[in-house]
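Subject: Handover of a structure, with notes on what was found

Dear colleague,

I am handing over the structure below, and my notes on it follow underneath. Please read them with the structure open beside you.

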Amino acid sequence: MEKVYKVHPEAEEFSFPGNEIGVLVSHGFTGSTQSMRYLGTQIAKSGFTVYGPRLTGHGTEPEDMEQATYKDWISDVEKGLERLQQTCSKIFIIGLSMGGTLSLYLAQKYVDIAGIIPINAAVDIPNLKATYENMKNSGTRFIKGIGSDIKMAGVAELAYSKTPVKSLGDLITLMDQVRGNLYKVTVPTLIISSIVDHVVPPENSKQIYHSISTEDKSIVFLKNSYHVATLDNDKDLIAKECSRFISNRV
């Protein structure tokens, strides 16, 4: 009998009903919706319809994540897109870290998306690749977690304390696929990037900016936040920039 894992209360999906402008908000690798709830709440104050799905295997236990694949995570955001399409005429995608990677994936596949906002998005993490290559055949199932890279004191991300080695391989596959198709991104794009990020090298955001094909693109640099910027010192600036980006394109 397959084990059923309990979802942490703060990691549940969230939704805020609003107007015909939909905003899909995706959390990152080993994280949870807790990292995106504040941003989702702030954006909803502008009247937009907001939905934040919980990615498969997240917000429960690392052993649960170990059973998920990158295809599950793609399916999760595609289902979220479909959900918003039922009531919304235009849809924007916002994603943190791997959530940003997934926003790029959706933009590559669904060209009618109104715009995307990848925040510290991951398309190439050499250190992570090296770790995976060293560990994948070692019999080691878990390594130290990567969560809570936050500059603000006293703030913690609801993320796993350990990372499944198998899941690193899924993230790498997703990043490789998305990176190879960045030129397919033609929708309006606002890239948000922390200048100091101990998880995803900031060069990722610059690579995304220079590789996507859309002419409607801009990049905002965060000077006072680390990787989980949506919970950090610049969280209100992020909310303001996201709402402005969306409002200017509806």
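A salt bridge is a side-chain nitrogen of Lys or Arg within 4 Å of a carboxyl oxygen of Asp or Glu. Please keep in mind throughout that this is a predicted model.

Salt bridges

By this rule the count comes to eleven salt bridges, and a few of them deserve a description. The side chains of Asp176 and Lys129 form one of them, with 3.2 Å from N to O. This pair links distant parts of the chain, since Asp176 lies in helix α6 and Lys129 in helix α5, 47 residues apart. Lys129 also meets the side chain of Asp124 in a salt bridge, here at 3.6 Å from N to O. Taken further, Asp124, Lys129, Asp176 and Arg179 are linked in a network of salt bridges.

Are these charged residues buried or exposed, or something in between? Lys129 has a relative accessibility of 23% and so counts as partly exposed, Asp124 is partly exposed with a relative accessible area of 24%, and Asp176 is partly exposed as well, with a relative accessible area of 33%.

A further salt bridge joins the side chains of Lys136 and Glu133, at 3.0 Å from N to O. Lys136 counts as partly exposed at 38% relative accessibility, and Glu133 counts as partly exposed at 47%.

The nonpolar cores

Which residues have the most contacts inside the largest nonpolar core? That core has 45 residues, and those with the most contacts inside it are Trp73, Ile93, Leu104, Leu106, Ile116 and Ile208. At least two residues of this core are supplied by each of α3 (70-85), β4 (90-96), α4 (98-109), α5 (126-135) and α6 (165-180). The largest share, seven residues, comes from α6, the helix in which Asp176 of the salt bridge described above is placed.

To see the surroundings of one core residue, you could select Leu106, which touches Leu24, Val77, Glu78, Leu81, Ile93 and Ile113 when residues up to four places away in sequence are not counted. There is also a second, separate core of 28 residues, which includes Met36, Leu222, Ala239 and Ile246.

Helix α1

Met36 is also one of the buried residues of helix α1 (residues 34-44), which are Gln34, Ser35, Met36, Leu39, Gly40, Gln42 and Ile43. What do the buried residues of α1 pack against? They pack against the strands β1 (14-16), β2 (21-26), β3 (49-52), β4 and β5 (115-119), and also against helix α8 (235-247).

A buried glutamate

Glu66 lies in the loop between α2 (62-65) and α3. With a relative accessible area of 17%, Glu66 is buried, because buried means under 20%. The side chain of Glu66 is joined to that of Arg141 by a polar contact of 2.5 Å. Leaving out residues up to four places away in sequence, Glu66 touches Arg141, Phe142, Pro164, Lys166 and Ser167.

A nonpolar patch on the surface

Ile195, Val196 and Phe221 make a nonpolar surface patch of about 250 Å². Of these residues, Phe221 is placed in strand β9 (residues 217-222), and at 37% relative accessibility Phe221 counts as partly exposed.

Two serines with positive phi

Two places in the backbone may be worth a look when you go through the loops. Ser97 has a positive phi of about 60° although it is not a glycine, and Ser97 is placed in the loop between β4 and α4. Ser148 likewise has a positive phi of about 60° without being a glycine, and is found in the loop between β6 (142-144) and β7 (162-164). Which of the words buried or partly exposed fits each of these serines? Ser97 is buried, with a relative accessible area of 9%, whereas Ser148 is partly exposed, with a relative accessible area of 32%.

With best regards

How values were computed: Residues numbered from 1 in each chain as written. Predicted model: local features only at pLDDT ≥ 70, side-chain atom pairs only at ≥ 80, totals over all residues. Heavy atoms only, no water. Core = buried A, V, L, I, M, F, W, Y, C linked by side-chain atoms within 4.5 Å. Buried < 20%, exposed > 50% of the residue type's maximum accessible area, 1.4 Å probe, protein only. Helix = DSSP H or I, 4+ residues; strand = E, 2+ residues; numbered from the N terminus. Contact = heavy atoms within 4.5 Å. Patch = residues over 30% accessible without salt bridge, like charges linked within 9 Å, V, L, I, M, F, W, Y side chains within 5 Å. Areas by Shrake-Rupley, 256 points an atom, 1.4 Å probe, with all protein chains shown as cover. Polar contact = N/O pair within 3.5 Å; in protein donor to acceptor, adjacent residues only side chain to side chain.
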